[in-house]
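Trainee: I am new to this structure and would like to work through it with you. May we begin with a single residue and then widen the view?

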Amino acid sequence: MSALALALVLLAALCHAVWNLAAKRVADGGFAFVWCYDVASVVLWAPLALVVLARSDAGILPALLPAALVSGLIHVAYQLTLQTGYARADLGVVYPVARGVGPVLSMAIAILVLGERPGWQAGVGAAVIVAGIVVVAVGKSAAGRRGLRAGLAWGAATGAAIAAYTLWDSYAVTDLGLPPVGYFVTTCLWQVVLMTPTLVRRHRESVRPVARAHWREILLVAALSPLAYVLVLEAMRTAPVSLVAPVRESSIVVGSLLAWWMFREPDPRRRIAGAVIVLAGIVLIAL
């Protein structure tokens with residue numbers, strides 16, 4: 001991995017941890033909150049996407065809309081699952097579990113579906129990730145044992161979505177050659193389209209209160225979530241996903257520290273130790 005790609009991924013990890021901190025602050029109206037920040041993402045990033053597409057020699061590729069639709073479907077599932085997890089459990093549980101389960105599932109899919117045979121380091125790495133999750137799981141939770149179990153379940157579900165969109169989006173920007181900024185904005189636009197019917201039927205009354213109470217969080221997520229992922233997609237164009245994916249998970253440690261600092265979640269030493277162990281396992285998988 002080049003120095004530029006490494007810098008892009010590390011910056012993305014910091015942005016990712018910060019926007020997850022903002023999302024954790026929204027306890028109610030999760031569906032409306034996700035819809036609001038998806039809309040804000042399109043508004044903020046569409047001008048840049050149009051400029052990039054206009055300057056591109058390839059123009060708008062035919063694969064852009066269908067590929068972004070698939071990504072949009074996966075990202076809607078990811079966003080709603082993550083937001084539900086944050087509403088029901090601690091950030092210090094959901095975040096490291098979600099970020100740890102993703103690489104393990106990606107490796108399992110590579111073995112079972114793609115027929116890949118990773119080295120022994122990958123197997124050890126998967127075991128280390130599980131051990132790190134166990135360290136997080138046996139600690140205390142502000143929401144009690146039920147909240148801890150909820151954090152593990154929603155974190156694991158979020159990790160499954162992470163594995164799905166990581167594999168698909170890597171294919172979209174590498175094999176299909178789609179420009180990262182235009183691809184991500186189109187994905188966000190599809191997310192708005194997909195969520196709007198349900199919003200109108202069930203969550204319309206929540207939009208205004210959520211926007212009024214959490215406009216700062218909406219803007220923060222709208223700016224940093226696309227920035228974090230565009231940086232990762234850009235890095236994937238010059239570095240293999242097997243290296244990019246684990247480096248970006250350094251956000252696990254940052255997120256655990258922020259969870260303790262901002263929310264005073266219990267058992268910070270155990271949570272941070274578990275996050276470091278999960279990160280070490282991810283690095284082993286990438287070797």
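Mentor: Certainly. This is a predicted model, and a suitable starting point is T158, which is found in helix α6, spanning residues 144–174.

Trainee: Is T158 buried or exposed?

Mentor: The cut-off for a buried residue is under 20% relative accessible area. T158 has 1% relative accessibility, so it counts as buried.

Trainee: Which residue that T158 touches is also listed among those with the most contacts inside the largest nonpolar core?

Mentor: Leaving out residues up to four places away in sequence, T158 touches Y78, T81, L82 and A98. The residues with the most contacts inside the largest nonpolar core are W19, F33, W35, Y78, Y86, Y183 and V244. The name found in both lists is Y78.

Trainee: Which residue with the most contacts inside that core does Y78 itself touch?

Mentor: With residues up to four places away in sequence again set aside, Y78 touches H16, R99, T158, A161, I162 and Y165, as well as W19. Of these, the residue that also appears among those with the most contacts inside the core is W19.

Trainee: Which element gives the most residues to this core?

Mentor: The largest nonpolar core has 65 residues. Two or more of them come from each of α1 (3–24), α2, α3, α4 (91–112), α6, α7 and α8 (215–236). The element that gives the most, with 12 residues, is α8.

Trainee: How many residues does the second, separate core have?

Mentor: This second core includes I129, A275, V278 and I282. Its total number of residues is five.

Trainee: Turning to the second largest pocket, which helix supplies the largest share of its lining?

Mentor: About 170 Å³ of space lies in this pocket, and L53, G182, V185, T186 and L189 are the closest to its centre of the 12 residues that line it. At least two lining residues come from each of α2 (30–55), α3 (64–88) and α7 (180–213). The largest share, five residues, comes from α2.

Trainee: How many charged residues does that lining have?

Mentor: By class, 10 of the lining residues are nonpolar and two are polar. The number of charged residues is therefore read from the same classes, in which Asp, Glu, Lys and Arg count as charged: the lining has no charged residues.

Trainee: Finally, how many strands does the protein have?

Mentor: From the N terminus on, the elements run α-α-α-α-α-α-α-α-α-α-α. The secondary structure comes to 11 helices, and the number of strands is zero.

Conventions:
Residues are numbered from 1 along each chain as its sequence is written. This is a predicted model: local features need pLDDT of at least 70, side-chain atom pairs count only at pLDDT 80 or more; totals for chains, interfaces and linings use all residues. Side-chain values use heavy atoms; hydrogens and water are left out. Helices (H or I, at least four residues) and strands (E, at least two) are DSSP runs, numbered from the N terminus. Buried means under 20% relative accessible area, exposed over 50%, partly exposed in between (1.4 Å probe, protein chains only). Contact means heavy atoms within 4.5 Å. On a 1 Å grid over the protein atoms alone, a cavity is a set of points where a 1.4 Å probe fits but cannot get out, and a pocket is an open set with protein on both sides within 12 Å along at least five of seven lines; lining residues have an atom within 4 Å of a point. Grid points are joined across faces, edges and corners, and a volume is the space filled by probe spheres set on the points. A nonpolar core is a set of buried Ala, Val, Leu, Ile, Met, Phe, Trp, Tyr and Cys residues joined through side-chain atoms within 4.5 Å.
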